[in-house]
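Open the model in a viewer and keep the sequence panel beside it. The stops below say what to select next and what is there.

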Amino acid sequence: MGDRGGGAGGSRRRRNGVRHSSQAAEEEVRDEPAGPDVGAAGDAPTATAGKDRHAASGYSPRDLSCHRLQESLFSSDSGFSNYRGILNWCVVMLVLSNARLFLENLIKYGILVDPIQVVSLFLKDPYSWPALCLVIVANAFALVGFHIEKRLAVGALTEEMGLLLHIANLTTIICLPAAVAILVDSITPVGSVLALVVYTILFLKLFSYRDVNLWCRELRAKAEAGEGVPGAGARTVKPRSGALQEASADRKANGAVAQRSVSYPDNLTYGDLYYFLFAPTLCYELNFPRSPRIRKRFLLRRLLELLFLTQLQVGLIQQWMVPTIQNSMKPFKDMDYSRIIERLLKLAVPNHLIWLIFFYWLFHSCLNVVAELMKFGDREFYRDWWNSESVSYFWQNWNIPVHKWCLRHFYKRMLRWGASKWMARTGVFLASAFFHEYLVSIPLRMFRLWAFTGMMFQIPLAWITSRFILGNYGNAVVWLTLIIGQPVAVLMYVHDYYVLHHDAAVPGP
């Protein structure tokens, strides 16, 4: 093995040497100045005579010409695109500047990280667990939706009655946790957020569950009408590819596996329901793409990322964000605009860093852990939103599960109802703005509509970036809205929460 390796290495070096020498020869020929090809006697000069003449003079023809027609590297016409060194420089400067900020924070405030304090964010009373009780009760609403579909599948309910029951169930899913979060004193804001997130996900999943089963019933009815007799074919009709795909046609990033194809209404089982409820998707299908096995090393890496990034986020919030927010209250109270802008820019760095970590933690680590455990094959939880040249592209690619749900169950439905594309997009932003405000205002028990306004502001911004600000400038605008827009909303809510709960608690003179 050693001789063969050495021989291979020697032959590789010889090939490289030949390649380099041939390249050098080509450069010499290319760089030689144009001149007559024949001598005074009409004969071509021999190579030996040329070499002797160069050796005698001490220079070669390439020494006489060292310039050629070429563009500067930074010019677009040069075709140069390798800026890896500049990117590394940017990373080094970013690390050094943030290290200075972190060191300054440690010197000024000391170590503020306290993992035990995190427990108080979830519990006020150790004997009262309202958020956990809400999550457990959510199972009842899932079972209600399941049994409604069972009755509809066998014809025990009319479609009109089933629609009314589904509307009542979904409305209760939205209203019940909000009422508990507002009326129950023992629930904390963080506990309320977790409960509301669970119920929002349940609402979207059951909405999709109802829609897909309705499409299956409609296709079954069409098949029965086409065949003229209801029979076995009524139970094996498959919906369109968006609702049901053959297992052999499933495309997965991590492999394919043969699986049994389920037809309506055989999908109406408890196992199918709870697989969908725990799967990292909001859109229901009768046959989800499945991966062949659980990759243990991949799962272990994602679990380690999940644990590490959770601690990192908690530490950055306690050590970096909380002191900055607390120091921002006085400028807001005094309406010192220069100090407000300074506080805003100071908060933008840790807020944006935590948001980026949260994105990776949720959409890559957490969702991949769940998908790997459940052998869920579709791992497209995000796309290249960081290359967004418009606000619309960002919202379509940073959260794929929500985007797929909005496109499938909201946007296309509005188009079928006769709405224009602009109206359908506006409707999607309205729905998104509602849920953003729902998840922020109710846990804080105050309604300021900052999140709603921020989301609705995306509509004109999306139109502007898609029409007038294109390319790299559009990408810069997207990053600017992410870096500056979020801290503005954070400071607005924190300021109002501080005024409402702290200033009100201070007795007047």
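Start by selecting K205 and F276: K205 lies over the face of F276, at 4.6 Å from the ring centre. A charge counts as over a ring if NZ of Lys or CZ of Arg is within 6 Å of the ring centre and within 35 degrees of the ring normal. This is a predicted model, in which local features need pLDDT of at least 70 and side-chain atom pairs count only at pLDDT 80 or more, while totals for chains, interfaces and linings use all residues. Residues are numbered from 1 along each chain as its sequence is written, and side-chain values use heavy atoms, with hydrogens and water left out.

**Around F276**

Keep F276 selected and add Y284 and F288. Rings of Phe, Tyr and Trp (for Trp, its six-membered ring) pair if their centres lie within 6.5 Å; planes under 30 degrees apart count as stacked, over 60 as edge-to-face and the rest as tilted. By this rule there are 32 aromatic pairs. One of them joins F276 and Y284, edge-to-face, at 5.1 Å centre to centre and with 70 degrees between the planes. F276 and F288 are stacked, because their planes stand at 15 degrees, with the ring centres 6.1 Å apart. This second pair links distant parts of the chain, twelve residues apart: F276 is in helix α10 (residues 270-278) and F288 in the loop between α10 and α11 (296-327). Helices (H or I, at least four residues) and strands (E, at least two) are DSSP runs, numbered from the N terminus.

Are these rings buried or exposed? Buried means under 20% relative accessible area, exposed over 50% and partly exposed in between, with a 1.4 Å probe and protein chains only. F276 is buried at 0%, Y284 is buried at 0%, and F288 is buried at 7%.

**R302, H364 and the ring cluster**

Next select R302 and F298. R302 lies over the face of F298, at 4.8 Å from the ring centre. From R302, move to H364, in helix α13 (residues 337-374). Which residues does H364 touch, leaving aside those up to four places away in sequence? They are R302, E305, F359 and Y382, where a contact means heavy atoms within 4.5 Å. H364 is buried, with a relative accessible area of 17%.

The side chain of H364 also makes a polar contact with the side chain of Y382, at 2.9 Å. A polar contact is a pair of N or O atoms within 3.5 Å; within protein, one must be able to donate a hydrogen and the other to accept it, and residues adjacent in sequence count only if both atoms are side-chain atoms.

Y382 and F359 lead into a cluster joined by ring pairs. To show it, select W355, F359, F363, Y382, W385, W386, F394, W395, W398 and W479.

**Salt bridges**

Now select E372, R295 and R379. A salt bridge is a side-chain nitrogen of Lys or Arg within 4 Å of a carboxyl oxygen of Asp or Glu, and the count by this rule is 13. The side chains of R295 and E372 form one at 3.1 Å, N to O. R295 lies in the loop between α10 and α11 and E372 in helix α13, so the pair ties together parts that are 77 residues apart in sequence. R379 also bridges to E372, with the closest N and O atoms 2.9 Å apart. What is the accessibility at this stop? E372 is buried at 0%, R379 is buried too, and R295 is partly exposed at 23%.

For another salt bridge, select R100 and E104, whose side chains meet at 3.3 Å, N to O. They are separated by about one helical turn, because they are four residues apart in helix α4 (residues 84-109). E104 is partly exposed, at 39% relative accessibility.

Then select E149, E159 and R217, which a network of salt bridges links. Add H166, in helix α7 (residues 159-183). H166 is buried at 5% relative accessible area. Not counting residues up to four places away in sequence, H166 touches G145, I148, E149, L152 and R210.

**Whole chain**

Finally, clear the selection and show the whole protein. The secondary structure comprises 18 helices and zero strands. Of the 509 residues, 36% count as buried. Among contacts with a separation of 6 or more, 75% are between residues 24 or more positions apart.
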